[in-house]
Amino acid sequence: MIRLLTATSALGLCFVGAAFAEAPTRADVLNTYANIAEAKFEDSLIAAQKLQTAVNALIATPSDATLAAARTAWIAARVPYQQTEVFRFGNPIVDDWEGKVNAWPLDEGLIDYVDATYGGATDENELAALNVIANPSFTLSGKTIDATQITPALLSDTLHEADGIEANVATGYHAIEFLLWGQDLNGHGPGAGDRPWTDFAQDESCTHGNCDRRAQYLTAATDLLVSDLHWMVAQWAEDGDARTALNADETVGISAILTGMGSLSYGEQAGERMRLGLMLNDPEEEHSCFADNTHNDHYYDGLGIQNVYLGNYTRIDGSSVSGPSLSDLVAASDPALDTEMKTKLANTMQALGRIKSTAEAGFVYDQMLERGNAAGEALVMGGVNGLVDQTKSIERIVTALDLEQLAFEGSDSLDNPNAVFQ
């Protein structure tokens, strides 16, 4: 569903204290935004390369230690990447690409063995239990596919979203996550997936068979992730297509910033990623359900929205990228609205921070989603309410900056809750 917003008032100067504050140029704001995008995707690439190194070590010398190190590297890689999601929705180049690297939920039986309770092929997805790791040859759309070697091309060109089904996720962070953790069979109880390191052993200690092909798949998926992130970094370079498109029209560019903020805040995060899972009481609705990392996903998504508005991003090496911001632009037109927006962003981050710290203390996100768990519901809804509330201020900013009608992503879970159960 789409929420349509209409703006009417004009941008100007405002009286602040004893002096007038002049707005930054829209071009300067767009430059800061693009610089932050480039830095975030560069950090995501750097972290993915560290994950690649850890995966290579796991494949070369499988052990509890190398598997744990690869898992740690995966969790670290999510920190900068989740902060890039605010660049979706308003930037088609990012939105069209994002499904390669962050698609979810996935029918994990497409990739590897699953528990017997998982089931098999369904009317909705005949490939839900394909298990390409166990099958060097299979039929897809009436054609025999040679999967003797599991390569990046096989994953991206043949398996990913095979038969046009979005749940056939074969690439990206969550495919890698499944291979590192395996299924989380704990339901609403604590504990993530618990794949043994012996699933990658290349000798008689191999468990669940096909350890060589499982290693091939993990390597191919990780290499592909690094390649995809390389490509996106280039799009935000000085002459990159994403930066060029953003700067082609300054008004459209500012609208793109707000579209990304509003759509991620409202329909995507508050709705599809948080409220929906709570309504369904379904631990499978977690964004990172195999690793039990969803609390971090939510937190860093929220942080990405905040740091884009403030025009300040702290890189993984501790350095900062900052400049004239959307906050500065709003403050020059309506300082009270800027204060309101910053306050609501801070409130949201406090609510998401409570989810994060509570999960890290042992009350995991799976448990928060359980039916009848009042404490869990309160935590999740605190985040949902903060995100919805800040979206209202984003709507007011659209008006204050005299922008044309914008479309934010919606969610049945927020806009038409009865439809969720139909």
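## A guided tour from Glu161 to the nonpolar cores

Begin by selecting Glu161, which is found in the loop between α4 (152–159) and α5 (173–181). The model on screen is a predicted one, and in it Glu161 has a positive phi of about 55° although it is not a glycine. At 35% relative accessibility, this residue counts as partly exposed. Most residues other than glycine have a negative phi, and most peptide bonds are trans.

Move next to Ser141, in the loop between β4 and β5 (143–146), where the phi of this non-glycine residue is again a positive value, near 55°. Is Ser141 buried or exposed? Its relative accessible area is 63%, so Ser141 is exposed.

For the backbone on the other side of β4, select Trp104 and Pro105, which are joined by a cis peptide bond with an omega of about -15°. Pro105 belongs to the loop between α3 (92–102) and β4 (137–140).

Now turn to the aromatic side chains, among which the count comes to nine pairs. One of them is formed by Trp74 and Trp181, whose ring centres are 5.3 Å apart and whose planes stand at 70°, so the pair is edge-to-face, the class for angles over 60 degrees. The pair links distant parts of the chain, since Trp74 is in helix α2 (residues 64–82) and Trp181 in helix α5, 107 residues apart. Both Trp74 and Trp181 are buried. Ring pairs also link Tyr33, Phe41, Phe87, Trp97 and Trp236 into a cluster, which can be shown by selecting these five residues together.

Two further rings have a charged side chain over them. Display Phe178 with Arg195, which lies over the face of the ring at 5.2 Å from its centre, and then Tyr299 with Lys356, whose charged end sits over the ring, 5.6 Å from the centre.

Tyr299 leads to helix α9, which covers residues 294–310. At 1.5 Å a residue, the 17 residues of this helix should span 24 Å, and its end C-alpha atoms are 25 Å apart, which agrees. Of these 17 residues, 14 are buried, so α9 is largely enclosed by the rest of the structure. Just after α9, Gly311 takes a positive phi of about 70°.

From here, go to the nonpolar interior. In soluble globular proteins, nonpolar side chains tend to be buried together. The largest nonpolar core of this model has 97 residues, and those with the most contacts inside it are Leu180, Tyr217, Trp236, Ile254, Leu258, Met261 and Leu326. Helix α1 (residues 26–60) gives the most to this core, with 16 residues. Which residues does Leu326 contact, leaving aside its neighbours within four places in sequence? They are Val29, Ile254, Ile257, Leu258, Met261, Tyr309 and Leu401. Apart from the largest core lies another, of 17 residues, and Ala270, Leu278, Met349 and Met381 are among them.

Finally, show the whole chain, in which there are 15 helices and eight strands. Its C-alpha trace spans about 80 × 50 × 45 Å along the principal axes. With 422 residues, a compact globule would have a radius of gyration near 22 Å, and the protein has 22 Å, which agrees. Of the 422 residues, 55% count as buried, and among contacts between residues at least 6 apart in sequence, 74% join residues at least 24 apart.

Conventions: Residues numbered from 1 in each chain as written. Heavy atoms only, no water. Helix = DSSP H or I, 4+ residues; strand = E, 2+ residues; numbered from the N terminus. Expected span 1.5 Å × (residues − 1). Buried < 20%, exposed > 50% of the residue type's maximum accessible area, 1.4 Å probe, protein only. Phe/Tyr/Trp six-rings, centres within 6.5 Å; stacked < 30°, edge-to-face > 60°. Lys NZ or Arg CZ within 6 Å of the ring centre and 35° of its normal. Core = buried A, V, L, I, M, F, W, Y, C linked by side-chain atoms within 4.5 Å. Contact = heavy atoms within 4.5 Å. Rg over C-alpha atoms; globule rule 2.2 N^0.38 Å.
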